[in-house]
Structures are given as structure tokens and as C-alpha cells.
Amino acid sequence: MKSQYRVVVIGGGVVGASVLYHLAKFGWSDVVMLERRRLASGSSWHAAGGIHALNADPNMAALQSYTIDLLSEIEKESGQNIGLHMTGGLTLAGTPERWEWLQANYRIFQSIGIDDCELLSAEEAQKRCPIMSTDGVLGAMWADREGYIDTTGTVQAYATAAKKRGAEYYEETKVEELIQTDDGWQVVTDKGTITCEHVVNAAGLWAKQVGRMAGVELPVSPLKHHYLITDTVPEVAAADFEMPMTVDLEGFTYMRQDQKGVLVGIYEVDHEHWAMDGAPWNYGEELFQEQLDRIENELTLGFERYPSIQNVGIKTWVNGAFTFAPDGNPLVGPVPGKRGYWSACAVMAGFLQGGGVGKTLAEWMIHGEPEADAWPMDVARFGDFAQNKRYIRETTGQFYSRRFVMTYPNEQLPAGRPLKMAPAHDAMTEAGCKWGVSWDLEVPLYFAPKGFEETPTLKRSNAHEIVAEECKTIREGVGLMDISGFSRFEVRGPNAEVWLDKVMASKLPAPGRARLAPMLGENGRLKGDLTVLNWGDGTWWIMGSYYLRAWHMRWFDDHMMDGVDIRDLGEEYCGFGLVGPKSQAVIEKLAEQDISGLKFMGCGDFDIGLVRARVARMSVTGEKGYEINCRYGDHIKLRRMLLEAGDDEGIRECGFNAMLSTRLEKSFGIWSAEFTQLYTPGMTGMDRWIDWDKDFVGKQAAMAERDGNGPAQVQVTLEVDALDADASGYEPIWAGDERVGFVTSGGYGHYTGKSLAMALVDRDKAAPGTELSVHVVGVERPARVIAPSPYDPQGKAMRG
Ligand SMILES: Cc1cc2nc3c(=O)[nH]c(=O)nc-3n(C[C@H](O)[C@H](O)[C@H](O)COP(=O)(O)OP(=O)(O)OC[C@H]3O[C@@H](n4cnc5c(N)ncnc54)[C@H](O)[C@@H]3O)c2cc1C
């Protein structure tokens, strides 16, 4: 072992070994992996080794797809047998809603290029898995690239392939301390100290402690998990093919063949955390005693699904632990505030996702950006609030026990909530507010009559008419909307303007003005759909999506310059929006200064009744509107005053569902849908805000796009001939049999009375009037490209 490497990877499980392999593969061979015992001494050795394609999150499904393809490659490269059995796999649907969901997901898989799936009837499914009972099964999805591997063989294969490419790894070498230096890290081990530029925490069950060695609190916890392996099952032994990997979602089990018997794994509803502060250092290859009382119900369902295993013995019980983040996705990437410290933790399904995690992390470290949109697994998607132990326990527990439970898009889950509430939260609840959550904050969805409960559904819900009323208020009268759920950053200092001009691709606003400002990465892809406000007193604000607060702050910090002071105002400022043609009449009643001259996209300080507020004349609804930003202590008072002042105008409180419907009618994109870090200005229409005459981050790449052949796909608005459901995102779009794009977001435009979708489609299919079709909840519907902004295309309402 040398005393200096470029990168030290801590942990020789499947994730660390994949990171090592990918770093070496992409050209960094001065890298070492340190393992406290032998390779695969954590979760990795006792995993069930199952690999399957289905994941409700399309980004994670793509990651899994990459990993599955990689497995045979590393086997070949390393010469190490990984025991790959590509049996194909089934996912069973046991309720009508689940069957609908599976059909919808089948189409979404097509959108993201996973084409080896097919839908089967229960009987067809049983032909492929003859040991299963079809009781209660309404249908299934088959995927070719599913099966299982040998777990320790796979870890060894990654490590061996990495070594062949010049990387090193050492077993029986425990990292005990991490010391940050000016240009990297000192990694203190029981075999000596190593100096390096980057450290990667791939410590699996010990990720918490290896985080704490660097002063990092990762939102991660281990949970226990059971599977059993049976003795020989005669029907399995007699078959001339292997049983497929079969996931019974309503039964909470997965099953695969193991020699002549089967392995059945259980996602326990009655879950159990273990070692929330990280596994004990002496935890080795022992397992926990099985806890049959916790899994009785799921076990019964499993035995009913595969009746033949009732007659054979159980050869092995495994009750082991593996780690989860609050949303079940990995925690990957550069840890905010710790230069050179990288996370590759909380990988719940390391054999399924580890390849993609290793690739993403290695690209990020070497090239500064991963190729794919890493947001769903970015360690910066959580803020400090997620370090709270109870938050971790509740959210990881909820994820685990609901792993196979269907979550509807309009369903609100309780874990870790309510956490942060804007001060008027209780008064708004009293007024009927139904809440959703963004990051740590409760955000209003809509206001319903007392006793109203929304039914979880994949289609339009019983809140449809309520939201329609709120949209009408916004379009015809005046609505009051809590806008605490926007991010606000203050930028000041002698170089504030110079810095903003560099990181934003747009012109900067003049004093007293606001401007939409795309922010780009060096690769010319989007990093933000922001609004910059110039208050005219030397302070500037950047406003954007609330849940991106830590993610954007990491970007700002990484691109900082001297003479600039940036502060996240998320704990100081909140506010209300007044939206609708009558909003001016209401605000004029309260403003102590003349606000009638405040033009569209103007901003300034005003006394709104007793509240000192920073007001901007803009609204994402496409109506005339005022965003009234106040200090947290003024939120209750501001709401009360605005409601009183608006009484004569029929003011009504509205929520984010109405905001989303109205913005869709204006073809205004939002982050995580129309805008992601995978898309470019040219694809999304963001290029119209770019100031090509100045220098800005990402200019070279953006110019290459502008001056090249143009993007293959561009953003359009579609009108869908929908019935009782609307598109939501990632549904495939067809021109006849040809797949020509996918939906980025969709919904019902209540005021225009149209089912709308925004979509990325091939350029030759983007002209208004082009007839297409789109799958909505699995059913094909006619759709056509329409001119952008079906409501008020000239933008008279918002400017008026
Ligand atoms: C019962 C069970 C069944 C499972 N089934 C599947 C499945 O079917 N498919 C699937 O994809 N996944 C499955 N998993 C999950 C899978 O095991 C994990 O996702 C995966 O093993 C995580 O790998 P890792 O490398 O992140 O962590 P680990 O395997 O825990 O590896 C971390 C390594 O880091 C080392 N280490 C820690 N601290 C230090 C230090 N300070 N210095 C040096 N070394 C250190 C440890 O010794 C350990 O070897 C299952 C898990 C369990 C428990």
C-alpha cells in the first residue's frame, strides 16, 4: 500500500468495488479501496442476489438497467464467475389498481428505453412460473433481463476487474480517522496513513460512522430483512427450465430459484431498524435470529402463492441488515461543504443499482458531472433537517414497509411530517387547507370543505372540482396563495453583480426589476430555472424551487468568487402571493406607498399594512399577481390583512394544485419535469432567455448547441383527448407505431377545459397541429401538438 493515492474508497462491498472499477475504467488508476475485513463483509455477502428491472422511479429503473447490462461484462473482464442466472422475471398485480399501475408502468418503461418487457395474463404468467398459484393475480409484467447472481462472486469480479485496470485494494485495513487538509484528506488506517485528494464513503452498514469521521451526518439507517431458502421442491427439480425471479407485490415477497429449491424474501410491514448509529465495528458475518412473529402474515401469503413449498423443509433462514435513505434511493455525490468527500451510501439494492452508482460517482469525480440526471440519488437532495434521528427512523421505516405497497400520485404519506410549517399553517388548516410536503416544509395543495378526504387514485380525484373552483378564482377574481415553498437566496457584496452575471446565462435585471434566469452547468445543460431580483439597494435575490435549496447552494458554493456573500433565506423569509385580475385592487388597499406603478416583473420594498415586505409583480399562474415576501414573524399578520382587504373582491385561498394547473395552461415549465439537468436550453426553449453577448458558465457548450444541428427533441404542449385521467410524466408519445417522445408533465387545465401535457418530441413532430397519441394510465389516447400557452397566448393577463 502506498502512502498517497488520488482517491481512497472506504469499504469493499459491492458499491465500493463498483466505484473502484468505474474510476479505473474511466482512466483514474491511482485509486485504492480499503476493506476492514475481507471483500463483501457487510450487507453484500448475505444478499439474495436478485436483479430485476422494475422501479417506480424511471431514473432508478434506468440505473438498474445499466447495472444489469454491466454484470456479464465484468464477469468477462475479470474472469471471475458471478453465477449469473438470467431467468427473466415476473411482477404480479393482485388488485385492479395495481394491474392498472403495472400497465401504466409498462408504457413508462418503453419511454425510457426498457423494451424487453411484456404484459401477461395470470395464466400466461403461471406457465412461466408453474409453482405459483394464480389466486388473486389479475396480470403480470414479464421482463427478460431479470434473475439472480452470486453475491460474493460479483463483488470479487468488480474488484478483480478494477485491479486489472490498475486500481488497488487492500483487505484487513480499517479506516479509523479522516483529517481534512488544505488540498485533500489524510486517511488514518490501522496499517498507516494515506494522503489523497478524494475519499469515498462506501462503508455500507458503517456509513454513518465513516460520515462522522468527517463531521458529516448522513440520513441513513440499516433495517433488518428476511429471506428463507427451501430444501428441494419436487416441481422445481422436475422442471427443465429455471423458475423466474417473481415479485408478488400484494404478497410482500420476492422469489427466485436456488439450486433445486427456492429463495423467498420478505418486505416486512412490521419493520425493524437496527444500529441506527451504524453497525458495531465487530459486526462480521453473523446474522440475526429469524423473527417469525414479525413476518407471519407475509410468510403465510408467500406459502399460499407458492403452495409446493408448504411440503418441503426450510434449509436456511437469513435475517440480515441493509441500509436505507429516507426515500429509499442511494446517497451519491459530493457532500455539500466537505470538499473532496464523496458519498456512495444507502444503496438499498447494491447488486441491482451498484453498477449505476459506481458509474455516476466516477463520472462526477472525473468529469465534474455525471452523464445521467443524478438528482434522485444526489446526496444534496436532503437538507440538514434530514439528519434528525426520528426523521430518519420514520421515513426509512415508512419506505421499507411500503416497499411493495402502491403509492398513488395524489397520496400523502405521514412519516416525518409535519416538520416545518409556515406560521399561518394552523389558521390555514382551520380554513380547510390540505397539505403536501416539499423538502421539510408543509405546502398547501388546495382548500376543501370540512370533513373532505381525497381518494388516492391514478386518475382524476374527488378534489378535481375543488381545484377547478380555485383556478376560476385565479383567472377571474383574486386568490391568496402561501408561497413559503419557494427558495430565496440573498446575494450581496462588491462582486455580487459580477458573480451573478457569470453564473446566470441571462441578462441581469435592472434595479427594481426581476428576470427569468436559466443557470447552466459547464456542459451547457440546465442547472436551474431561476428568477433573479434586483432590489436596487445592492441586494439581489435568487428565487427557485424550494426543494432544491441544498442542491443549489452546493452549486453556488462551488462557483463562488471573492467579494460575494450568499445566504439562503429559507429560514427567514416566507410569504403570500395575490393572484388574479383583482389582485391589484386588494394590494392597493394595503400598500402605504403607491404600488399602482409597479409593472410586470417589477420589484421593490413596500409597507403592506403593518408588514415591511419585498414585493415582486409576477406569478407562475400567468395572471396578474404579486409575490409578497415577508419575514417569518409577519406571515400570520400578512395573511389576515390580505384576507380582510380582499373580502370585497371575493378573495379565496388557493393551493399549489391550482398553481400547477394554471401554469400548464401557460406552458410554463417547472423543474424536475420540463427542466432537468439532462436537458439543454435549446430543447426546453430556455435559450430565449440567454444573453449570448456576455460570458457565462456553460456558454461554450450552449453555443455549440445553438450553432449545431439543433436538439433532436424539443418541448411542445399537447392537448390530450383524455377521459377520466390525465398524463403525469414519462408516458410515451407515438406517431402511429413510432415512439417520438415522452411527456414531461401533464394535468388538467381547469380554466381552458383541456387535458394538457408538456412533452419532449422529435423535432419533425413538433409543429402545432401534428396528430399524435399518448398513453395515459396505460391506455392510448389521441393527442395533438398545440401552440404554446393555450390560455392567454399573448400574455395580456399577467402584464395587464
Ligand atoms: C437479507 C438481504 C437480502 C438482500 N437482497 C438483495 C438482492 O436481492 N438484490 C440486491 O441488489 N440487494 C440485496 N440486498 C441489499 C444489498 O446487500 C446491499 O444493497 C449491498 O450489499 C450494499 O452494499 P455496500 O457496498 O453499500 O455495503 P456493504 O456490503 O455493507 O459493504 C460495506 C463494506 O465497507 C467495509 N467498511 C466499513 N467501514 C469501514 C472502514 N472504516 N474501513 C474499511 N472498511 C470498512 C465493511 O467491512 C463492508 O465490507 C439484500 C440485503 C439483505 C440484508
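Which polar backbone atom lies 2.9 Å from a nitrogen atom of the ligand? That atom belongs to valine 175. The model is predicted, so that local features require pLDDT of at least 70 and side-chain atom pairs pLDDT 80 or more, while totals for chains, interfaces and linings use all residues. Residues are numbered from 1 along each chain as its sequence is written, and side-chain values use heavy atoms, without hydrogens and water.

Further contacts of the ligand involve its oxygen atoms. One oxygen atom is 3.2 Å from a polar backbone atom of glycine 49, and an oxygen atom also lies 3.2 Å from a backbone N or O atom of leucine 352 (a polar contact is a pair of N or O atoms within 3.5 Å). Of the 1,000 Å² of accessible area that the ligand has on its own, the protein covers 98% (Shrake-Rupley method, 1.4 Å probe). Two or more residues of the surrounding shell are given by each of helix H1 (14-25), strand E12 (221-230), strand E16 (314-324) and H9; helices are DSSP runs (H or I) of at least four residues and strands (E) of at least two, numbered from the N terminus. E16 gives the largest share, four residues. In total, 41 residues surround the ligand, the closest being Glu35, Ser44, Gly50, Val347 and Gly350 (a heavy atom within 4 Å). The shell has 23 nonpolar, 15 polar and three charged residues, with Gly counted as polar and Asp, Glu, Lys and Arg as charged.

The structure holds 29 aromatic pairs (ring centres within 6.5 Å; planes under 30 degrees apart are stacked, over 60 edge-to-face and the rest tilted). Tryptophan 375 and tryptophan 551 form an edge-to-face pair, because their ring centres are 5.7 Å apart and their planes stand at 80°. Tryptophan 375 lies in the loop between helix H9 (350-367) and helix H10 (389-401), and tryptophan 551 lies in helix H14 (residues 549-558), 176 residues apart. Tryptophan 375 is buried at 15% relative accessible area, and tryptophan 551 is buried at 4% (buried means under 20%).

The rings of phenylalanine 385 and tryptophan 439 are also edge-to-face, with centres 5.0 Å apart and planes at 70°. Both residues are buried. Ring pairs further link Tyr254, Tyr267, Phe322, Phe324, Phe399, Tyr400 and Phe404 into a cluster.

How values were computed:
Phe/Tyr/Trp six-rings, centres within 6.5 Å; stacked < 30°, edge-to-face > 60°. Buried < 20%, exposed > 50% of the residue type's maximum accessible area, 1.4 Å probe, protein only. Polar contact = N/O pair within 3.5 Å; in protein donor to acceptor, adjacent residues only side chain to side chain.
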